[in-house]
Amino acid sequence: MEEKKTSLLYRIIRFFIRLFMPHFRLEGAEKLPEEPCVIVGNHSQTYGPVAAELYLPGKREIWCAGQMMHWDEVADYAFTDFWSFKPRWTHWFFRILSRLITPLAVCVFNNAHTIPVYHDTRLISTYRLSIESLRAGSSIVIFPEKNERRDNILYAFQDKFVDLARFYYKKTGTALCFVPLYVAPKRKTLYFGEPIRFDPTAPIAEERARICEALHDGIVELACSLPEHTVVPYRNIRKRDYPKNIPYEVYTNEKTCC
């Protein structure tokens, strides 16, 4: 694949984001396989995708919501996904903000290292572009959380991203590795876990469940192995409600006692 040409406006935006966003260190990057792989991380609001764009090593393409690439879809999607959980009395403000960010979003998402993801028949184009990128030597970065709380580190995963490995195996005969990534903005670090290789001989439903569970456990293990710190969650909730990275049993006991 040819290197994407970016606009001057995007390069200016990227410069200022890099200037003001915390610089992320990398830990465990030696665990990344030499061949292209799928890196799966916690979304951590905007930190995950932005850190992946700015700081991940090597060639990579990041799955992003396709709606953020289309002028007429940004505002509704942005409000629903980013700000609909805010207090109702603030919704008027965030609806206006959703419209104001439309030009910026269209510029950023169409110039960054992104692959649009859809939840309709256009999903096949997501897999096709991803396979082309993998074959050209780029890893794929995915933040698959959805609005369903699982524990104090992660929300539940959408699991269809695992199908990428099935399609890639059919095209190339190579079994992809999935690598867990813990994004820790409060520690300004990206942590990589041990790779999990796709098994093409197993039924895809079993592989979805196995790989999602292994990735979840890998990310949680990375988070809970670190000194206590605040986790930036998937949902844009009040900062005072952000959880800690202490083990889930301890966290739930503390919440019960409070």
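**Charges and odd corners in a predicted model**

Visitor: Is Asp 120 buried, partly exposed or exposed?
Guide: Bear in mind that this is a predicted model. Asp 120 has a relative accessible area of 37%. Buried needs under 20% and exposed needs over 50%, so at 37% Asp 120 comes out as partly exposed.

Visitor: Where along the chain does Asp 120 sit?
Guide: Look past strand E4, which covers 114–117. Helix H6 covers 123–135. Asp 120 belongs to neither element, but to the loop between E4 and H6.

Visitor: Which residue does Asp 120 form a salt bridge with?
Guide: As a rule, side chains of opposite charge can pair when their charged atoms come close. For Asp 120, the closest N and O atoms of the pair are 2.9 Å apart, and the cut-off for a salt bridge is 4 Å. The partner counts as partly exposed, at 35% relative accessibility. That partner is Arg 122.

Visitor: Which backbone atom of Arg 122 does the side chain of Asp 120 reach?
Guide: Besides the salt bridge between Asp 120 and Arg 122, there's a contact to the backbone of Arg 122. The distance is 2.9 Å, and a polar contact has to be within 3.5 Å. The Arg 122 atom in question is the backbone nitrogen.

Visitor: How far apart are the C-alpha atoms of Asp 120 and Arg 25?
Guide: Along the chain, Asp 120 and Arg 25 are 95 residues apart. In space, their C-alpha atoms are separated by 36 Å.

Visitor: And what separates the C-alpha atoms of Asp 81 and Asn 236?
Guide: Asp 81 is part of helix H3, and at 27% relative accessibility it is partly exposed. Asn 236 is 155 residues away from Asp 81 along the chain. In space, though, the C-alpha separation is 8.7 Å.

Visitor: How many salt bridges does the model have?
Guide: The rule takes a side-chain nitrogen of Lys or Arg within 4 Å of a carboxyl oxygen of Asp or Glu. Asp 163 with Arg 166 passes, with the closest N and O atoms 3.5 Å apart. Counted this way, the number of salt bridges is 11.

Visitor: Which helix holds both Asp 163 and Arg 166?
Guide: Asp 163 and Arg 166 are 3 residues apart, or about one turn of the helix. Asp 163 is buried, at 5% relative accessibility, whereas Arg 166 is partly exposed, at 26%. The helix they share runs over residues 163–172 and is H7.

Visitor: How many residues apart in sequence are the parts that Asp 163 and Arg 208 tie together?
Guide: Asp 163 forms a salt bridge with Arg 208, and the closest N and O atoms are 2.7 Å apart. Asp 163 belongs to helix H7 and Arg 208 to helix H8, so the pair ties together parts whose separation in sequence, in residues, is 45.

Visitor: Which residues are linked with Asp 163 in a network of salt bridges?
Guide: Asp 163 pairs with a residue at 3.5 Å and with another at 2.7 Å. The 2.7 Å partner is buried, with a relative accessible area of 16%. Linked with Asp 163 in the network are Arg 166 and Arg 208.

Visitor: What is the phi of Ser 44?
Guide: Most residues other than glycine have a negative phi. Ser 44 goes the other way, with a positive value. You'll find Ser 44 in the loop between strand E2 (38–41) and helix H2 (47–55), buried at 1% relative accessible area. Its phi is near 50°.

Visitor: What about the phi of Gln 45?
Guide: Gln 45 is in the loop between E2 and H2. It's buried, at 16% relative accessibility. Although Gln 45 is not a glycine, its phi is positive, at about 55°.

Visitor: Which residue's backbone oxygen does the side chain of Thr 90 reach?
Guide: Thr 90 sits in the loop between helices H3 (74–83) and H4 (91–100). Thr 90 is buried, with 12% relative accessible area. Its side chain comes to 2.6 Å from the backbone oxygen of Pro 87.

Visitor: Which residues gather with Glu 221 in the patch of negative charge?
Guide: Glu 221 is in helix H8, residues 204–224. With a relative accessible area of 60%, Glu 221 is exposed. Its companions in this surface patch are Glu 30, Glu 194 and Asp 217.

Conventions. Residues are numbered from 1 along each chain as its sequence is written. This is a predicted model: local features need pLDDT of at least 70, side-chain atom pairs count only at pLDDT 80 or more; totals for chains, interfaces and linings use all residues. Side-chain values use heavy atoms; hydrogens and water are left out. Helices (H or I, at least four residues) and strands (E, at least two) are DSSP runs, numbered from the N terminus. Buried means under 20% relative accessible area, exposed over 50%, partly exposed in between (1.4 Å probe, protein chains only). A polar contact is a pair of N or O atoms within 3.5 Å; within protein, one must be able to donate a hydrogen and the other to accept it, and residues adjacent in sequence count only if both atoms are side-chain atoms. Patches are made of residues with over 30% relative accessible area and no salt bridge: like charges are joined within 9 Å, nonpolar side chains (Val, Leu, Ile, Met, Phe, Trp, Tyr) within 5 Å. Accessible areas come from the Shrake-Rupley method with a 1.4 Å probe; for residues, only the protein chains shown count as cover. Lys and Arg count as positive and Asp and Glu as negative; His and the chain ends are not counted. The place of a charge is taken as NZ of Lys, CZ of Arg, CG of Asp or CD of Glu.
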